[in-house]
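Visitor: Hello! Could you show me the structure and walk me through it with a few questions?

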Number of protein chains: 2
Amino acid sequence: MKFYDCKMAPNPRRARILMAEKGIKIPMIDVNILDGENLREPYLAINSRGLLPTLELDDGTRFDEVMAICRYFEELYPTPNLLGRTPVERALVESYQRKAEFEGMIAGSEAFRNKHEKFIDRSIPGGPKHKIPAIPGLVARGRQTIERFHEWLEHTLAKTEYLVGDSYSMADITAQCAVDFHKWIEISIPAANTHTQRWYKAVSARPSAAA
Amino acid sequence: MKFYDCKMAPNPRRARILMAEKGIKIPMIDVNILDGENLREPYLAINSRGLLPTLELDDGTRFDEVMAICRYFEELYPTPNLLGRTPVERALVESYQRKAEFEGMIAGSEAFRNKHEKFIDRSIPGGPKHKIPAIPGLVARGRQTIERFHEWLEHTLAKTEYLVGDSYSMADITAQCAVDFHKWIEISIPAANTHTQRWYKAVSARPSAAA
């Protein structure tokens, strides 16, 4: 297998942390999104839309979408479990990781992309043919959505150690990547959110956080 | 179990079609999103964010996010399989259903919500505290993204009967719900996209399409 990565981007990091937790070591090929390397050959021959990350299997099968890649790894390397141990737990991990994705990762991406000069005609990920102009109004909407994200995190982490019960899971990985990504747009965990602060300290202390 | 539904909304329909395919019959409680019934009591006591659908289990556990609900149903009622039969197939279904969600469903929702008078301060789903103003620029971006969606659909369906190989799956369900939802914003399958037309006729002829 090969993993087409972008070390600086927050989304591929979700898969890298999961790989680090499971001890998965495969070749990683770095592609620079900021310079648009993903929207040119040779990467377009790997992923015609220019999206990252992409996983390539030994038989040449390729797929993108970070959660598809993470689910595939979870099946091949089930230990430690990161997607839930029972049907209900798996549903909760999926539901919570999705909230962290939508209100944390995507909201952060909207606030970042629609302001940064390098993304002036790349309002949404992927291309290369479709230039989609930045929409300045999304910066405020992204930041407002992140406020919602922090309220939800604090409310949830007041009740449990991790987002889903007492086990670190993919829901935590997505939320942790979102919190770190928000540093790029100068948003941090509100000082009053003590449960989130406690959780963030714990997840950041795991060796996988360096991934 | 109980399913909090919104018959008119495109997103809960993804779960209703999966339930129809699997013959799952449970009480369905309709909540009217257009009139904001989801942002008031008594629904807020069920889902504090006002999101739909929500699944309630017999022990009172509740979760939202349509894919969390669909995965839970797939585990309890594995026949017919709709999320893939092997690890690679499951990765492809997840990857493709996600593309259909992002470039079909969410793009449609952006184009619809940011133009409709009932959503003037509800630019993204859920509330109730956070009023997020509509952003007119998202109407054009949504429509542009849907062009991309149709190119991808046609390209994929030129090679296979359904989105992932020869089996109807969740990827088809999400794409089919997106195509039907786009009628609200007067977008239909381009006449030249003959593979997509053939596929749409087949998926629409399934009894589950009435769900």
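Visitor: At what angle do helix α4 of chain A and helix α3 of chain B pack, and how far apart are their axes?

Guide: Welcome! Please keep in mind that this is a predicted model. The two helices to find are α4, residues 87-113 of chain A, and α3, residues 66-76 of chain B. They pack at an angle of about 160°, and their axes are 8 Å apart.

Visitor: Are α4(A) and α3(B) roughly parallel or roughly antiparallel to each other?

Guide: Start from the angle of about 160° between them. Angles over 145 degrees count as roughly antiparallel. The two helices α4(A) and α3(B) are therefore roughly antiparallel.

Visitor: Is the crossing of α4(A) and α3(B) left-handed or right-handed?

Guide: Look at the place where the two helices meet: α4(A) brings residues including A:Arg90, A:Glu94 and A:Arg98, and α3(B) brings residues including B:Arg71, B:Tyr72 and B:Glu75. By class, this contact has six nonpolar, one polar and five charged residues. The crossing itself is right-handed.

Visitor: Which element supplies the largest share of the side of chain A that touches chain B?

Guide: Let's take the whole meeting of the chains: 29 residues of chain A are in contact with 29 residues of chain B. On the chain A side, β4, α3, α4 and α5 each supply at least two residues. The largest share is eight residues, and the element that gives them is α4(A).

Visitor: How many charged residues does the side of chain A that touches chain B have?

Guide: We can sort that side, in which 29 residues of chain A take part, by class. There are 13 nonpolar residues and seven polar ones. The number of charged residues is nine.

Visitor: How many helices and strands are there in chain A?

Guide: Follow chain A from the N terminus, and the elements run β-α-β-α-β-β-α-α-α-α-α. Counting up the two kinds gives seven helices and four strands.

Visitor: What is the radius of gyration of chain A?

Guide: For a chain of 211 residues, the globule rule gives 17 Å. The value for chain A is close to that, so chain A is as compact as a globular protein of that length. Its C-alpha atoms fill a box of roughly 50 × 45 × 25 Å along the principal axes. The radius of gyration is 17 Å.

Visitor: What percentage of the contacts in chain A between residues at least 6 apart in sequence join residues at least 24 apart?

Guide: Here is some background on the chain: of its 211 residues, 47% count as buried. As for the contacts you ask about, the share joining residues at least 24 apart in sequence is 68%.

Visitor: Where in chain B does B:Pro80 lie?

Guide: This proline is worth a look for its backbone: the peptide bond from B:Thr79 to B:Pro80 is cis, with omega near -10°. Another cis bond runs from B:Glu41 to B:Pro42, with omega near 10°, and B:Pro42 lies in the loop between β2 and α2 of chain B. As for B:Pro80, its place is the loop between α3 and α4.

Visitor: Does A:Glu186 count as buried or exposed?

Guide: First find A:Glu186 in the loop between α6 and α7 of chain A. Its phi is near 55°, a positive value in a residue other than glycine. A residue is exposed if 12 or fewer other C-beta atoms lie within 10 Å of its own. Because A:Glu186 has 7 such neighbours, it counts as exposed.

Key:
Residues numbered from 1 in each chain as written. Chains lettered and ligands numbered in written order. Predicted model: local features only at pLDDT ≥ 70, side-chain atom pairs only at ≥ 80, totals over all residues. Axes fitted to C-alpha atoms, helices over the stretch in contact; angles between N-to-C directions. Parallel < 35°, antiparallel > 145°, perpendicular 65-115°, else oblique. Left-handed = near helix turned anticlockwise from the far one by under 90°. Contact = placed C-beta atoms within 7 Å. Nonpolar A, V, L, I, M, F, W, Y, C, P; charged D, E, K, R; others polar. Rg over C-alpha atoms; globule rule 2.2 N^0.38 Å. Buried ≥ 20, exposed ≤ 12 C-beta atoms within 10 Å, placed from the backbone.
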